[in-house]
Amino acid sequence: MVKSPRIAAVAFAMAASVAFGQASFADGVAKYQIVDENTIPKPLTSTPGNAAKGLKTIINRKKGNCLSCHVAPGVDQPYQGKIGPEFKGVAGRWSEPEIRMIVVNAKVNNPDTIMPGFHRVDDLHRVMKKFKGKPILSAQEVEDIVAYLITLKEE
């Protein structure tokens with residue numbers, strides 16, 4: 001059930017891209033397919049994600065800067081944010097395909113989110129020349145983060 005015209009428009013655009021096969025993006029962004037539940041069920045890479053590397057990427061302030069908005073359980077880092085949901089229990093709230101979609105492009109499911117799409121290069125504004133056509137995170141970094149986040153079940 002679509003709750004708003006804005007969400008309906010996003011859902012229609014996503015459905016249209018899925019109907020024509022995999023989403024096509026600039027070089028540097030893995031091709032993936034969004035299924036009708038607005039998830040990405042298949043990994044972006046053939047190499048399985050590494051949870052330890054995912055945690056390192058999450059706490060790296062020069063990469064995704066995840067801790068500026070989220071709190072990661074058991075991580076001893078100052079200034080963790082409270083804007084986004086805590087990572088504790090994330091695997092109990094969302095499935096792996098849902099988590100992958102959120103990391104790749106959270107705006108697909110929530111157009112009003114302030115969370116950036118970490119593996120996209122389309123429909124962006126005011127991107128510095130040196131970053132044009134480059135996603136924030138590589139496909140493997142996305143898979144590593146997903147591998148870490150799916151270990152965080154409710155205790």
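Hi everyone, let me open with a number: in this protein, 52% of the contacts with a separation of 6 or more are between residues 24 or more positions apart. By contact I mean heavy atoms within 4.5 Å. Before going on, a word on what you are looking at: this is a predicted model, where local features need pLDDT of at least 70, side-chain atom pairs count only at pLDDT 80 or more, and totals for chains, interfaces and linings use all residues. Residues are numbered from 1 along each chain as its sequence is written, and side-chain values use heavy atoms, with hydrogens and water left out.

Now the overall layout. The protein has five helices and zero strands, so from the N terminus on the elements read α-α-α-α-α, with helices (H or I, at least four residues) and strands (E, at least two) taken as DSSP runs and numbered from the N terminus. Its accessible surface comes to about 9600 Å², and carbon and sulfur atoms hold 57% of that; the areas come from the Shrake-Rupley method with a 1.4 Å probe, and for residues only the protein chains shown count as cover. Of the 155 residues, 36% count as buried. Buried here is under 20% relative accessible area, exposed is over 50%, and partly exposed is in between, with a 1.4 Å probe and protein chains only.

Let me take you to helix H5. Mostly covered is the phrase for H5, with 10 of its 11 residues buried. Among them are Val 142, Asp 144, Ile 145 and Leu 149. Which helices do the buried residues of H5 pack against? They pack against H2, H3 and H4.

The pairing with H2 deserves a closer look. Two packed helices are described by the angle between their axes and the distance between the axes. Helix H2, residues 51–59, and helix H5, residues 139–149, pack at about 105°, and their axes are 7 Å apart. The axes are lines fitted to C-alpha atoms, for helices over the stretch in contact, and angles run from 0 to 180 degrees between N-to-C directions. That makes H2 roughly perpendicular to H5, because 65 to 115 degrees counts as roughly perpendicular, under 35 as roughly parallel, over 145 as roughly antiparallel and the rest as oblique. By class, the contact of H2 with H5 has seven nonpolar, two polar and three charged residues. For those classes, Ala, Val, Leu, Ile, Met, Phe, Trp, Tyr, Cys and Pro are nonpolar, Asp, Glu, Lys and Arg are charged, and the others, Gly among them, are polar.

Two residues show this contact from either side. On the H2 side, Thr 57 is buried at a relative accessible area of 10%. Leaving aside neighbours within four places in sequence, Thr 57 is in contact with Lys 63, Gly 64, Leu 137, Glu 141 and Ile 145. On the H5 side, Asp 144 is buried too, at 5% relative accessible area. Not counting residues up to four places away, Asp 144 touches Pro 48, Gly 49, Asn 50, Ala 51, Lys 53 and Gly 54. Asp 144 and Pro 48 are 96 residues apart along the chain, yet their C-alpha atoms are separated by 7.7 Å.

On to the core. The largest nonpolar core has 28 residues, and Ile 40, Leu 44, Ile 58, Phe 87, Val 103, Val 142 and Leu 149 touch the most other members. A nonpolar core is a set of buried Ala, Val, Leu, Ile, Met, Phe, Trp, Tyr and Cys residues joined through side-chain atoms within 4.5 Å. Helix H4 (96–105) and H5 each supply at least two residues of this core, and the largest share, six residues, comes from H5.

Val 103 leads us to Phe 118, which lies in the loop between H4 and H5. How buried or exposed is Phe 118? Phe 118 is buried, with a relative accessible area of 7%. The C-alpha atoms of Phe 118 and Val 103 are separated by 5.9 Å, with their positions 15 residues apart along the chain counted as the separation. Not counting residues up to four places away, Phe 118 touches Gly 64, Val 103, Val 104, Pro 135, Ile 136 and Leu 137.

Last, two loop residues with an unusual sign of phi to look up on your screens. Tyr 79, in the loop between H2 and helix H3 (90–93), has a positive phi near 60° and is not a glycine. Tyr 79 counts as exposed, at 75% relative accessibility. Asp 123, in the loop between H4 and H5, has a positive phi of about 55°. Asp 123 is exposed, with a relative accessible area of 62%. Thanks for listening!
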